[in-house]
Amino acid sequence: MVVEVTSTRPGRDRAEKPDGYAAAGIPVYLLVDRERHELVVHSNPEKGRYRDVHTTTGLGEELRLPDPVGVVLETGELKEPMA
């Protein structure tokens, strides 16, 4: 699994990196998008792309990560402003 927080180049984080991680066979990629205030879960890589992409804007709620990770992430602390 890869977890990433958007950088100063969020377009690259949203477009280029998911394909690279999928091509490498990373089963789950979680993007914490600070600009859009959302969490994006990419899973099920196939042929260099993720087949499943789920977006949530419910910061502060539980986020269930798909298998093989299979954990529940508490996102309450993500509601706090990032320095």
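I take packing as contact, meaning heavy atoms within 4.5 Å. The model I am reading is predicted.

**Entry 1. Helix α1 and what it packs on**

I looked up the buried residues of α1 and found P10, D13, K17, P18 and A22. They pack against β1, β2, β3 and β4, the last of these being residues 49–56. I then checked the length of α1. The helix has 14 residues and reaches 20 Å from its first C-alpha to its last. That is close to the 20 Å expected at 1.5 Å a residue. Next I asked where α1 bends. The bend is about 40 degrees and sits at E16. A proline, P18, follows within four residues. P18 is also one of the buried residues of α1. Just after the helix I noted G25, which takes a positive phi of about 85 degrees.

**Entry 2. Strand β2**

I wanted to know how enclosed β2 is. The strand covers residues 28–33, and six of its six residues are buried, so the rest of the structure largely encloses it. I sorted its side chains by direction. V28, L30 and V32 point one way. Y29, L31 and D33 point the other way. Both sets are buried.

Which strands pair with β2? I found β1, joined to it in parallel by four bridges. I also found β3, residues 38–46, which pairs with β2 in the antiparallel sense over six bridges. For the parallel pair I noted one partner: V5 bridges to V32 in β2. For the antiparallel pair I noted that L30 stands opposite V41 in β3. I also went through the hairpin of β2 and β3. Four residues lie between its strands. H37 in this hairpin takes a positive phi near 55 degrees.

**Entry 3. T6**

I went to the loop between β1 (2–5) and α1 (10–23), where T6 is found. Is T6 buried or exposed? Its relative accessibility is 3%, and the cut-off for buried is under 20%, so T6 counts as buried. I listed its contacts, leaving aside neighbours within four places in sequence. T6 is in contact with D13, L31, V32, D33, R34 and E35. Of these, D13 is among the buried residues of α1. L31, V32 and D33 are buried residues of β2.

**Entry 4. P27**

I moved on to the loop between α1 and β2, where P27 is found. P27 has 28% relative accessibility, so it counts as partly exposed. Not counting residues up to four places away in sequence, P27 touches H42, S43, N44, P45, Y50 and P68. I also checked a C-alpha pair. P27 and V69 are 42 residues apart along the chain, and their C-alpha atoms are separated by 8.4 Å.

**Entry 5. The whole chain**

I stepped back to the overall layout. The protein has one helix and six strands. Along the sequence I read the pattern β-α-β-β-β-β-β. The C-alpha trace spans about 35 × 30 × 15 Å along its principal axes. I checked the radius of gyration too. It is 12 Å, which agrees with the value near 12 Å for a compact globule of 83 residues. Buried residues make up 30% of the 83.

I looked at contacts with a separation of 6 or more. Residues 24 or more positions apart account for 36% of them. Last, I noted the accessible surface, about 5,300 Å². Carbon and sulfur atoms hold 48% of that surface.

Technical notes. Residues are numbered from 1 along each chain as its sequence is written. This is a predicted model: local features need pLDDT of at least 70, side-chain atom pairs count only at pLDDT 80 or more; totals for chains, interfaces and linings use all residues. Side-chain values use heavy atoms; hydrogens and water are left out. Helices (H or I, at least four residues) and strands (E, at least two) are DSSP runs, numbered from the N terminus. Buried means under 20% relative accessible area, exposed over 50%, partly exposed in between (1.4 Å probe, protein chains only). Two strands pair if DSSP finds at least two bridges between them. The expected span of a helix is 1.5 Å times one less than its number of residues. The bend at a residue is the angle between axes fitted to the seven residues ending there and the seven starting there. The radius of gyration is taken over C-alpha atoms; the globule rule is 2.2 Å times the number of residues to the power 0.38. Accessible areas come from the Shrake-Rupley method with a 1.4 Å probe; for residues, only the protein chains shown count as cover.
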